[in-house]
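Biologist: Got a minute? I'd like to go through this model with you.
Modeller: Sure, put it up and ask away.

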Amino acid sequence: MKVLVPVKRVLDYNLKVRVKADGTGVDLSNLKMSMNPFDEIAVEEAVRMKEGGGGHPAGTATEVVAISIGPEQAQETIRTALAMGADRGILVKAEGEVEPLAVAKLLKAIVDAEQPGLVILGKQAIDDDSNQVGQMLAALLDWPQATFASKIVVAGGKINVTREIDGGLQTLSLETPAIVTTDLRLNEPRYASLPNIMKAKKKPIDAKTPADLGVDVAPRLTVVKVADPPKRQGGAKVKTVQDLVAGLKAAGVI
Amino acid sequence: MTLAIELTEAQAAIKDAVEKICAKYDDRYWAHTDETGEFPEPFVADMAAGGWLGVAMPEEVGGAGLGLTEAALMMQVVAASGAGFSGASAIHLNIFGLMPIVKFGTVEQKKRFLPPVISGADKACFAVTEPNSGLDTASLETRAERTNSGYVITGRKIWTTNAQRASKMLIIARTTPKDQAKKPTDGLSLFYTNFNRTRIEANPIPKMGRKAVECNTLFIDGLEVPKEDLIGEEGKGFQILLTGLNPERTLIGAEAVGLGRAALARAAQYSQERVVFGRPIGQNQGVAHPLAKAWAELEAADLVCFKAAALYDAGKESGAYANAAKYLGGEAGFNACEAAVMAHGGMGYAKEYFVERYFREAMIARLVPVSREMILNYIAERVLGLPKSY
Ligand SMILES: Cc1cc2nc3c(=O)[nH]c(=O)nc-3n(C[C@H](O)[C@H](O)[C@H](O)COP(=O)(O)OP(=O)(O)OC[C@H]3O[C@@H](n4cnc5c(N)ncnc54)[C@H](O)[C@@H]3O)c2cc1C
């Protein structure tokens with residue numbers, strides 16, 4: 001089974017986000033960019049399916065293809081996936097904001113060409129938190145989907161996915177081909193080793209444009225304003241439990 | 001050769017991957033090793049597992065075959081993570097210490113010696129300095145007497161880092177007495193051999209910082225060394241040793257810059273957070289300027305370090321720059337650590353804020369592996385053409 005893993009280049013999760021003074025977006029200049037952490041989890045799962053591990057026998061995935069949509073530098077994000085163990089990459093070069101629907105359409109075009117048995121995506125990207133691409137892609141392909149996966153078991157031609165839902169866990173059984181999106185607890189992604197970083201340099205990355213794939217990526221949404229969250233009010237220290245309870249009551253929290 | 005200002009894609013990936021490993025070992029971890037003297041075993045194991053110890057080793061023996069630039073980058077990232085010299089010195093010798101074997105070892109020696117160092121199975125130490133000769137290496141007194149099957153080494157060494165845990169030792173000893181050699185620097189030979197504890201007594205030296213990575217005095221009494229463990233030609237040990245010195249100086253410079261950056265990051269954060277007289281202390285230029293100056297000095301030293309590395313990687317003479325890199329890195333690193341302690345006020349003296357450990361470790365790069373004075377001697381003589389002073 002071939003597995004596709006889309007990976008997004010986002011502001012590194014360790015960095016503090018700075019909103020641009022004019023409120024049009026977030027300042028990305030000279031800041032470290034990394035792979036979206038949920039996508040790292042997706043790559044890790046796919047590579048385990050290929051190499052064996054995390055409950056998957058080796059060979060569960062026959063090939064792992066990493067795809068990124070973004071500027072030229074998104075190639076670095078693909079290289080990271082290749083260094084983790086993906087086999088090859090596809091870069092769809094697109095400058096500026098590409099909205100979730102356009103991303104899903106681009107991915108559909110790639111899926112049509114590649115014919116994978118499974119697409120594993122991060123449940124959301126930590127920059128815009130849209131949480132839409134996986135679902136939209138499933139709808140466009142008319143494939144079954146399981147979002148927020150905390151466990152994936154491939155058995156007897158089916159993909160059994162445990163999902164984290166409010167108040168517990170749900171297990172779904174999907175026919176292939178299918179779409180799965182990852183949650184935080186699915187696995188702990190590996191660090192790239194030096195030999196694998198060296199190998200990744202030699203793995204192929206195919207470059208495409210939205211036009212090649214016949215997709216119009218012009219934005220359909222307008223960002224009205226981006227603002228910092230309200231500044232946190234200073235906390236207060238209390239001396240006794242009684243004071244604490246009284247304070248919470250006064251604040252209307254309990 | 002061009003000096004790159006931006007990292008290549010592979011270098012950025014290396015930086016990122018090493019940062020991720022280092023992120024597992026925070027300042028509290030290193031404070032603990034500094035307190036207890038516990039060697040950072042899990043950190044070294046992680047670095048070995050990721051193949052990092054072989055960064056500059058040839059591909060034929062399982063290394064990555066990368067250059068000094070990548071090695072310096074990696075070591076700088078380690079130091080800058082807050083690991084400082086506690087982390088950097090724990091792996092430093094693996095990175096370029098065995099260059100003499102890479103350059104002068106036989107095919108058989110490379111196969112026998114290098115893979116276990118890359119995997120972390122063998123731990124090496126480097127026994128050059130002696131109590132009675134100091135920087136005057138040509139006057140060292142340790143002797144290697146020829147026997148039928150090889151040599152027998154007897155003598156004393158000092159400051160040998162890592163000897164408590166070493167399984168191997170790179171050691172330089174006299175094979176021809178100084179008065180019988182053509183030049184004082186002739187007649188020394190280099191060996192890479194088992195650290196046989198029945199013949200070597202190693203005693204740790206209580207010291208100022210970096211407690212996690214100990215230094216020792218060695219008493220070597222009749223250590224038998226098979227002739228297969230002689231590196232390069234007999235009598236040419238000094239010249240062979242020199243081949244590893246420029247990369248080592250460059251690495252130390254880069255590590256010191258990394259340590260300085262760790263200190264500066266802490267100082268900048270503290271200066272934002274600490275409010276006195278109704279404003280963050282960093283708003284006072286008296287606090288801000290020393291930090292800004294430290295930044296500028298670190299960046300300048302960094303450029304010289306990577307210039308030295310680029311020259312070395314291009315196969316060009318790098319001596320002057322390697323020496324300058326070690327000098328400038330050491331000074332800039334130290335100044336940044338000092339500025340960081342000062343910016344913390346009294347808290348700079350408290351272990352809780354970590355900068356006092358950096359400050360103690362920053363002294364290492366000023367003293368080791370060669371003193372500032374000897375570097376300036378080198379530059380005065382070789383670059384400026386002034387007469388030799390000693
Ligand atoms: C933490 C640490 C780790 C070390 N690890 C190792 C190791 O693993 N292996 C190893 O072999 N060694 C190691 N060393 C030793 C180190 O390399 C030496 O300390 C260093 O080379 C200086 O030698 P020395 O201490 O004998 O100084 P000395 O030679 O005694 O010099 C003392 C002072 O006199 C100055 N001086 C001497 N001659 C001149 C001159 N002609 N002109 C101007 N100034 C001069 C020097 O610059 C220095 O300031 C380590 C040292 C330390 C502190």
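**Domains, ligand and helices**

Modeller: This is a predicted model. In chain B, the C-alpha centres of domain 2 and domain 3 lie 30 Å apart.

Biologist: How many residues does each of those two put into the contact?

Modeller: Domain 2 of chain B gives eight residues, and domain 3 of chain B gives 10 residues. On the domain 2 side, five are nonpolar, two polar and one charged.

Biologist: Where do the domains of chain B run?

Modeller: Domain 1 covers 9-119, domain 2 covers 124-234 and domain 3 covers 239-383.

Biologist: OK, ligand next. Which residues come nearest?

Modeller: The ligand has 20 residues around it. Gly134(B), Trp159(B), Ser371(B), Glu373(B) and Tyr390(B) come nearest.

Biologist: Which domains feed that shell?

Modeller: Domain 2 and domain 3 of chain B each supply at least three residues of the shell.

Biologist: And which helices and strands of chain B supply at least two residues each?

Modeller: The strands are β1 (124-127) and β3 (150-161). The helices are α10 (355-367) and α11 (372-383).

Biologist: What's the chemistry of the shell, by nonpolar, polar and charged?

Modeller: The shell around the ligand has 13 nonpolar residues, six polar and one charged.

Biologist: Switching to helix packing. At what angle do α4 and α7 of chain B pack?

Modeller: About 35°, with the axes 9 Å apart. Helix α4(B) spans residues 68-96 and helix α7(B) spans 237-273.

Biologist: Is the crossing left-handed or right-handed?

Modeller: α4(B) and α7(B) cross right-handed. Their contact holds 18 nonpolar, eight polar and three charged residues.

Biologist: Now chain A. Which residues of helix α4 are buried there?

Modeller: In α4(A), residues 133-141, the buried ones are Val133(A), Gly134(A), Met136(A), Leu137(A) and Ala138(A).

Biologist: What covers them?

Modeller: The cover over α4(A) includes α3 (100-114), β6 (118-122), β7 (145-155) and β10 (178-182) of chain A.

Biologist: What about the backbone just after α4(A)?

Modeller: Asp142(A) sits there, with a positive phi of about 60°.

Biologist: Last topic, the chain contact. How many residues come from each chain?

Modeller: Chain A gives 12 residues and chain B gives 13. On the chain A side, α2 (74-84) and α5 (194-202) each supply at least two. The largest share there, five residues, comes from α5(A).

Biologist: And the classes on the chain A side?

Modeller: Seven nonpolar, two polar and three charged residues on the side of chain A that touches chain B.

Conventions: Residues are numbered from 1 along each chain as its sequence is written. Chains are lettered from A and ligands numbered from 1 in the order in which they are written. This is a predicted model: local features need pLDDT of at least 70, side-chain atom pairs count only at pLDDT 80 or more; totals for chains, interfaces and linings use all residues. Domain bounds come from an automatic or database domain assignment. Two residues are in contact if their C-beta atoms, placed from the backbone, lie within 7 Å. Ala, Val, Leu, Ile, Met, Phe, Trp, Tyr, Cys and Pro count as nonpolar, Asp, Glu, Lys and Arg as charged, and the others, Gly among them, as polar. A residue is near a molecule or strand if its C-beta atom, placed from the backbone, lies within 6 Å of it. Helices (H or I, at least four residues) and strands (E, at least two) are DSSP runs, numbered from the N terminus. A residue is buried if 20 or more other C-beta atoms lie within 10 Å of its own, exposed if 12 or fewer, and partly exposed in between; C-beta atoms are placed from the backbone. Axes are lines fitted to C-alpha atoms, for helices over the stretch in contact, and angles run from 0 to 180 degrees between N-to-C directions. A crossing is left-handed if the near helix is turned anticlockwise from the far one by less than a right angle, and right-handed if clockwise.
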